[in-house]
Amino acid sequence: MRGEFTAAWFQNASLVLTRAEDLPDDSTSGMSWTTACRIADLMLSMLWPQVEAVAAGINACGLLTGDQAAELAGGTNPTPYRRLD
């Protein structure tokens, strides 16, 4: 699942995701799968205290609102995006 989500995100952003360490010569931006995984692991490790706080809240309550989860993580829950068609 992680790989499918990552690949779809890169494709939607018009970026190249490659299994090789180097990007193709005709690519202006993107990264290797290895680099993407390293960045994701680094970001998760930096946010691990917030992950644990929200998990403890879920364990205690069974269900959290977005506002409750944001508060436990030390942040705020942004206003939902609304399309203006």
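Leu47 sits in the loop that links helix 2 and helix 3. The model described here is predicted. Leu47 has a relative accessible area of 45%, so it counts as partly exposed, a class that runs between the buried limit of 20% and the exposed limit of 50%. Across the sequence, Leu47 and Ala73 lie 26 residues apart. In space, their C-alpha atoms are 8.9 Å apart.

**The surface patch**

Leu47 also belongs to a nonpolar patch on the surface. Its partners there are Leu42, Leu44, Met46, Trp48 and Val51. Together the six side chains' residues offer about 580 Å² of accessible area. Two elements give two or more residues each to this patch: helix 2, spanning 33–46, and helix 3, spanning 48–61. Helix 2 supplies the largest share, 3 residues.

Trp48 is the patch member to look at next. Trp48 is part of helix 3. Its relative accessibility is 41%, and because that value falls between 20% and 50%, Trp48 is classed as partly exposed.

**Another residue of helix 3**

Ala55 is also found in helix 3. Ala55 is partly exposed because its relative accessibility is 41%, a value between the two cut-offs of 20% and 50%. Ala55 and Ala69 are 14 residues apart along the chain. Their C-alpha atoms are separated by 8.9 Å.

The two C-alpha pairs are set out below.

| Pair | Separation along the chain | C-alpha distance |
|---|---|---|
| Leu47 and Ala73 | 26 residues | 8.9 Å |
| Ala55 and Ala69 | 14 residues | 8.9 Å |

**The largest pocket**

The largest pocket holds about 250 Å³ of space. Helix 1, covering 2–12, and helix 2 are the elements that give two or more residues to its lining. In total, 12 residues line the pocket. Phe5, Thr6, Phe10, Ala36 and Ala40 lie nearest its centre. Helix 2 gives the largest share of the lining, 6 residues. By character, the lining divides into 10 nonpolar residues, 1 polar and 1 charged.

Helix 2 therefore appears twice in this account, since it gives the largest share of the pocket lining and the largest share of the nonpolar patch, with elements taken as DSSP runs.

**The chain as a whole**

The protein chain contains 4 helices and 2 strands. Along the sequence, their order is α-β-β-α-α-α. The chain has 85 residues, and 13% of them count as buried.

Conventions
Residues numbered from 1 in each chain as written. Predicted model: local features only at pLDDT ≥ 70, side-chain atom pairs only at ≥ 80, totals over all residues. Heavy atoms only, no water. Patch = residues over 30% accessible without salt bridge, like charges linked within 9 Å, V, L, I, M, F, W, Y side chains within 5 Å. Areas by Shrake-Rupley, 256 points an atom, 1.4 Å probe, with all protein chains shown as cover. Salt bridge = Lys/Arg side-chain N within 4 Å of Asp/Glu carboxyl O. Buried < 20%, exposed > 50% of the residue type's maximum accessible area, 1.4 Å probe, protein only. 1 Å grid on protein atoms, 1.4 Å probe; cavity = no way out; pocket = protein on both sides within 12 Å on 5 of 7 lines; lining within 4 Å. Points joined across faces, edges and corners; volume = space filled by probe spheres on them. Nonpolar A, V, L, I, M, F, W, Y, C, P; charged D, E, K, R; others polar.
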